2 protein chains.
Amino acid sequence: MGKVCRWIWEQPVGDLQTEAVQEGLAFVPPSTFESVLALPPSAGRTRLFAELCRINVLYMVAAAGSGHIGSSFSSLDIVAWLHLDELSDGDRYFSSKGHDVPGLYSVLIALGTVPFDQLHRLRRRGGLPGHPDVSTPGIAANTGSLGMGISKGKGMVLANRLAGRAGRVVVLTGDGELQEGQLWESLVSAANLGLHELTMIVDHNKLQSDTFLVDVNDLGDLEAKFSAYGWEVRRCDGHDLDELSVAMRGPRGKPRVIIADTVKGQGVSFMEHTSIERGELYRFHSGAPATDDYVKALTELLASSNRLATGVGAPKVALEAVPVSAPPPPTKMQRLIPTYGESLVAHADANDSIVALDADLVLDVGLIPFREKHPSRFIECGIAEQDMVSMAGALAGGGYLPVVHSFASFLSARPNEQIYNNMTEGRRVIYVGSLAGVLPGGPGHSHQAVRDIAALRGIPGLEMISPASELQLVAALEYVFDTSASSCYLRLCSVPFGLPTDPLSKRLERGRGQLVTDDAGDVVLTVYSPVLLPEAIRARTLLEDHQIRLGILVLPFLDYLDADWFIDIAGKANAVITLDDHYVDGGQGQLIATTLMDRGISLRTIRLGLQSIPTFGSPSEVLEAHGLDAKAIAESVVTLS
Amino acid sequence: MGKVCRWIWEQPVGDLQTEAVQEGLAFVPPSTFESVLALPPSAGRTRLFAELCRINVLYMVAAAGSGHIGSSFSSLDIVAWLHLDELSDGDRYFSSKGHDVPGLYSVLIALGTVPFDQLHRLRRRGGLPGHPDVSTPGIAANTGSLGMGISKGKGMVLANRLAGRAGRVVVLTGDGELQEGQLWESLVSAANLGLHELTMIVDHNKLQSDTFLVDVNDLGDLEAKFSAYGWEVRRCDGHDLDELSVAMRGPRGKPRVIIADTVKGQGVSFMEHTSIERGELYRFHSGAPATDDYVKALTELLASSNRLATGVGAPKVALEAVPVSAPPPPTKMQRLIPTYGESLVAHADANDSIVALDADLVLDVGLIPFREKHPSRFIECGIAEQDMVSMAGALAGGGYLPVVHSFASFLSARPNEQIYNNMTEGRRVIYVGSLAGVLPGGPGHSHQAVRDIAALRGIPGLEMISPASELQLVAALEYVFDTSASSCYLRLCSVPFGLPTDPLSKRLERGRGQLVTDDAGDVVLTVYSPVLLPEAIRARTLLEDHQIRLGILVLPFLDYLDADWFIDIAGKANAVITLDDHYVDGGQGQLIATTLMDRGISLRTIRLGLQSIPTFGSPSEVLEAHGLDAKAIAESVVTLS
């Protein structure tokens, strides 16, 4: 088996243990699954299998340093039951929400569909991505961006019908996911076409990313809704395998939805959503468990597994232990999101017109301080980005300055036409896309926003700004709220980055940036990404060995370059290297190159950035894979010189 | 008053008449509306007012040469009643579907909100756009792209609440429009927030763009659906003003939807949808009436107006007549859409894997021949682009080659993320965007697709092709179906264009195009748009006076340029002018400029294309406004030389 790595850890794995480990991590080895699968089929066997898979989910997420435990646990009984007891050859299953994929991985690994050593490589390059990808055996669809599942399921059924193939399609959805319009859009023709081969199972675990569904944007009477769409509706306990089996049975002339009442975090007392009160923050939606939580959870799961094992006559559960050591805490890391949250509040204190809109990511996008300080000007929209953006346009028309928040991947794409529509109305709206750029690499390409600049480029008048440090973010917000009269797209990196001192203190001026080296050097490198700026600084050091002086120019504006200013600064360099935390196509490098060309400046220019769909993995794995690490940058400069 | 123009007509207007005109057009003048509005309020007065507005809708659409009569007529009783009898100061009304705006214009003109002479300038520059724009007095929202209305209405209500302003918001929607996911997405929080100020009126006229709703993608039990979303549901006859008034009354704690049963084309016997059978094509959704239809419709409307006038003691209706003459039919016009439709069938005859998907535009995108020849491989998705694209991805996964159709504005934007998701799965799908480019200029910016290339640029592996003639379209389809192994975006111009001989007979080779002049000349101009190619040819002639030889290079590939090939052809020219039927930002010119720069070629390059949100108007008005006509192109070349 391979190595276990937690971000940057590289540790050997250890011995079999039969008790919960006190230090390090532990997983259920293949031999244990083999013995369970050798038992005669029964609900008890499947429940034991699911519980063992929970142990492995806990392990995978803890080892990866991030991942979705809550919904993996809520759906695991369903996923285990489908794979052990329900699905036949030709049937297909996938999860539309996708972030519960550690649960599915643990099942596929236990069944041997996915090689066992992949258990140790969640969110690591060459391993298993944080959201499903069809390149993994047993994965039928790329999901993670919400609401596409029933459409995909319909396509699978129609392809089967056209080809004369038999086979059912089972699609698991979240309940928060039901806020996404595409889902309801997709129900209509499924009913009209009588797609009885299609079953939708709602993992109704009552919580979405932030908190309880009813507190975000309640979906009301789900059974009435689905019935009104012409689907056959059943409801059952999603942890009761007999009820699930019954819900799947019976004659069919229509697509069927099974609303499976589940518990988020099922299987671990303090992870179960029923252990918290409404209004409390649920801590186990995403992210790795703290050590104490890990040990307590493992202890509980091991105990319940052993009880289940006894019930079906299986031997006591053996775990394999993995010693790990925590990486040294990084020093002086910068974080944009908390800075953003505080600065937004300060601007809102001074400007009554600012209204903040959120799409179920209040924690991730830094809006908790705003919500607390200005609750009347906070609008939680749920997972409904198109609705949010059109609503924001009308709020702007009504005299307010709406600030719209989501992850950059989703905000730039899902409501793409709605943003343009707002612009054609002349509505000033601030769009804030977090989780922008290729990092973090763990969640996979659905969440790696590397085409947001391109997708929003062809919108006249939309200013686009990517601050490269905390100080520059503060300056960017001053620019956006106090200087600019336009709509703006603010592109925010969500991962911590190492910038021990922050040189970016200047006020922003449209189309201009800031040299962070004494001069433009022999070769000037432009950069806007906070995670690439440290790489650029390291590349500069590497280049000293080659007697090449690299000038580093931080250019936060993505839609416009002040050509005179740029030529004044960089015109005497031998070449320009542009560094995009984005596809080269449609990125800032293209803007710089064409601006120079328009001015008749024939400065040698090389554009670095992504050229292919981003890989997943640790930060260093991802940057290296795409030639965006310090070494690759330095090599490009050397090649050029 | 101004001139009346039907596309390129420039004719004086005539005298008052009291009978239906036998030739030319006629409208209801301001004096008639003034006398009607001087009557005491009554249902009879409003019905008369609405009927007179129908006469003016008929006039506007006939004069413009295009526009939506059917839904203007179905909604006009509602719109007239709202403006005359229901809305107060502070209340707002808009139509979410937007294409019924000739009806609203006729009301706003009759009320004096919009200057009367604008009646003669529908879809003409400086006049009234084909879909609503907030720059017109009385227009509250830009609509025309479907499904955004309730979101916008919620934003208006929330802005009112924040500001402590009173006022109701009434949003009219289509019924076909209810297939769009954003609409259902937007209903949820309206109910949760108790937005009782919001009323949605469904103009339930039973027909959508193509045909009967039930035959496209039936929405089932609408009352049950809306109730399940927590809205208060009422239903009434949308042509009975008393019933409408009752439906608006009563205490409110929730948003309310009024399902108004209407007749598409109401008021003219042969335009009413009830005059056709299911399966028949409805002829009056969009487009101008033929002369006979115009005269018959006007005769009917005048007779009913006079009956209504008698009923309320108003004088006989006086019309003002406008003599018009038809323009000479253009000779040798090319049309891509019919060519596409026939070629697609030929490819599908030879390739069983081809499946065509449509979003309620079967006529506009040229799919009727395919539907007739290969009904089992035709999937009508209704107005649900996100659903269609995700479904197509799964069909590709199931072994088929899906060809997805919609208007380019919508196809590139609404399912933008879904297209990317399909690409990350490696699914080969052909995306065909019709109505691409700045023409026709009549419908306005919601339908002028000039940012589709940019919006799809950052998708690695997606080939983008814009054929510039019928022959090149045939070659493009051979390339797409028989040569390429990638997903492709095919960008199709939908307006006829003048290209008497078609020089573009060559097979397509990736990244290459075809010179249509003997050589590259002094200045080489690149072009891909069928409507700009004739302008380029005319510019070449204009430039002969300046002793400048303009070479014209047709480059159908929008995502890739074969640099060696290009330099071989154009390298000896003094300069390159790129001509984008698209925003300059993100267009083909940017691709060409950066490709040359990458090769270290310092060829002077000027990029022509749109720089601002497109204006509406006749083809010549629009091209001239954006500097894309032959004269402007020639001037750019002269300036450069």
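**Interface and cavities of the two-chain model**

Helix H15 (residues 416–424) of chain A gives the largest share of the lining of the second largest cavity, four residues. The structure is a predicted model. The second largest cavity holds about 130 Å³ of space. Its lining comprises 15 residues, and those closest to the centre are Glu417(A), Tyr420(A), Ser409(B), His445(B) and Ser446(B). By class, this lining divides into nine polar, three nonpolar and three charged residues.

The largest cavity has a volume of about 180 Å³. Here 20 residues form the lining. Closest to the centre are Ser409(A), His445(A) and Ser446(A) from chain A, together with Glu417(B) and Tyr420(B) from chain B. Helix H15 (residues 416–424) of chain B supplies four lining residues, the largest share. Polar residues number 11 in this lining, nonpolar residues six and charged residues three. Across the whole structure, the search returns eight cavities of 30 Å³ or more.

The contact between the chains was examined next. In chain A, 89 residues are in contact with chain B, and 89 residues of chain B take part in turn. The two chains bury about 7500 Å² between them. Carbon and sulfur atoms account for 53% of that area. On the chain A side, Glu185(A), Glu417(A) and Met597(A) lose the most area to chain B. Together these three residues make up 10% of what that side buries. Glu417(A) thus appears in two settings: among the residues that lose the most area to chain B, and among those closest to the centre of the second largest cavity.

Polar and charged pairs also span the interface. The rule finds 10 salt bridges between chain A and chain B. One of them joins Arg607(A) to Asp598(B), with the closest N and O atoms 2.6 Å apart. Polar contacts link 47 residue pairs between the chains, counted where both residues have pLDDT 80 or more. Helix H5 (residues 149–163) of chain A gives the largest share of the chain A side that touches chain B, namely nine residues. By class, that side has 39 nonpolar residues, 29 polar residues and 21 charged residues.

Methods
Residues numbered from 1 in each chain as written. Chains lettered and ligands numbered in written order. Predicted model: local features only at pLDDT ≥ 70, side-chain atom pairs only at ≥ 80, totals over all residues. Heavy atoms only, no water. Contact = heavy atoms within 4.5 Å. Buried area = accessible area lost by both parts, 1.4 Å probe. Salt bridge = Lys/Arg side-chain N within 4 Å of Asp/Glu carboxyl O. Polar contact = N/O pair within 3.5 Å; in protein donor to acceptor, adjacent residues only side chain to side chain. Helix = DSSP H or I, 4+ residues; strand = E, 2+ residues; numbered from the N terminus. Nonpolar A, V, L, I, M, F, W, Y, C, P; charged D, E, K, R; others polar. 1 Å grid on protein atoms, 1.4 Å probe; cavity = no way out; pocket = protein on both sides within 12 Å on 5 of 7 lines; lining within 4 Å. Points joined across faces, edges and corners; volume = space filled by probe spheres on them.
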